[in-house]
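Got a few minutes to walk through a protein model together? Open the picture and follow along.

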Amino acid sequence: MHADKGHADNGPAHSGTHAGTPAGPDDDALAAPAVARAMRPEARARLALRVVASTASTNTDLLAAAAALPSGTVLAAEAQTGGRGRRGRTWHAEPGASLAFSVLWVFSRPAAGLAGLSLVVGLAVAQALERCGAHGIRLRWPNDLLARRDGGWAKLGGILIELAGRDREAAAVIGIGLNVRPLADARGIGQPVTDLASLGVRLSRNHLLAAVLDELAAVLPAFDAGGLAPFAAAWHARHAFAGQRVTVAGDTGTAVTGVAAGIDTDGALLIDTADGRRRVITGDVGLQPPGA
């Protein structure tokens, strides 16, 4: 991995814990050389990391330059002034308290074959964080990482995947945001949030980023080769709302209510309703209040 632009190989999913150095906000500046030293050699051979002090959005930057960049380019920012989530939402990222980065990956399969990619990326991030000492991370379809807080679920991180324009290739920009420490100002977020420090994780952000990149370097080629199927069981094991009554709010104001029954082979969410099983391909999932 180049010191200023990073570099990461294919390999099996990392087993065991990810060793690292505890760090506080004052000695935790992101640095590509520090991330490189913490990464596995096979990951350093496949990914190329660049760290910037500030940008509007790492996803936007990689999308704009995707045609000229190699697969495996990673852009991380200390601060994002215009971070984006799904459906046009804003991603709140505070300097020193968050990880915000994007990965450009070119797949050999067509764009239509990328169904379920956000689920696999979420699983990879969860597995990486578990190896860093985080416990109880669960996944909310299609792109959120959750953990328990104050008796309910709170958002730990999110994923935004956007297709990049390249001739005859399916390229995706995979944006990942993680809350590492409590936000100084969580007003206006509109939902409960949590962070890795609250889950007992004390590693530096450089080591956390290295752990996630290690996992992605193994998982993305495996997804390219086999799609969602090899990962479905592990995703179901971390499904936050499995077997619970949920409502999925659609883009057009429609809603589907029923029991969350998992995902199908294409990554669609399956809901058992009073009228039978429904297959949902987009929407926001929330738990139904008791007795509703």
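Here is a short tour, going from a pair of helices to a salt bridge and then to a sheet.

Keep in mind that this is a predicted model. Let's start with two helices, H4 (residues 117–131) and H5 (residues 205–226), whose axes come within 8 Å and cross at roughly 140°. What do we call an angle like that? Angles over 145 degrees would count as roughly antiparallel, so at roughly 140° H4 is oblique to H5. The crossing of H4 past H5 is right-handed.

Now look at who touches whom. On the H4 side, the residues that meet H5 include Leu117, Val120, Val121, Ala124 and Val125. On the H5 side, the residues meeting H4 include Leu208, Ala211, Val212, Leu216 and Phe223. If you sort the residues of this contact by character, you get 14 nonpolar, one polar and two charged. Gln127 and Arg131 of H4 are in the contact too, and so is Glu215 of H5.

Stay with H5 a bit longer, because aspartate 214 lies in this helix. Side chains of opposite charge can pair when their charged atoms come close. Here, the side chain of aspartate 214 meets that of arginine 40 in a salt bridge, at 3.7 Å from N to O. Where does arginine 40 sit? You'll find arginine 40 in the loop between helix H1 (32–38) and helix H2 (41–44), so this pair ties together parts that are 174 residues apart in sequence. Searching the whole structure turns up 13 salt bridges.

Next stop: the strands. Five of them form an open sheet, and if you read across it the order is S11-S10-S9-S8-S12, with antiparallel pairing. Which strands stand at the edges? Those are S11 and S12 (284–287), and each has a single partner strand, so one side of each is left without a neighbour in the sheet. From one strand to the next, the twist averages 45°.

Let's zoom in on each edge. At one of them, S10 (residues 269–273) and S11 (residues 276–280) pair in the antiparallel sense over five bridges. Try finding leucine 270: its bridge partner in S11 is arginine 279. To get from S10 to S11, the chain goes through a hairpin of two residues. At the other edge, S8 (residues 245–249) pairs with S12, again in the antiparallel sense, over four bridges. There, valine 246 has leucine 287 of S12 as its bridge partner.

Note on methods:
Residues numbered from 1 in each chain as written. Predicted model: local features only at pLDDT ≥ 70, side-chain atom pairs only at ≥ 80, totals over all residues. Heavy atoms only, no water. Axes fitted to C-alpha atoms, helices over the stretch in contact; angles between N-to-C directions. Parallel < 35°, antiparallel > 145°, perpendicular 65-115°, else oblique. Left-handed = near helix turned anticlockwise from the far one by under 90°. Contact = heavy atoms within 4.5 Å. Nonpolar A, V, L, I, M, F, W, Y, C, P; charged D, E, K, R; others polar. Pairing = 2+ DSSP bridges. Salt bridge = Lys/Arg side-chain N within 4 Å of Asp/Glu carboxyl O.
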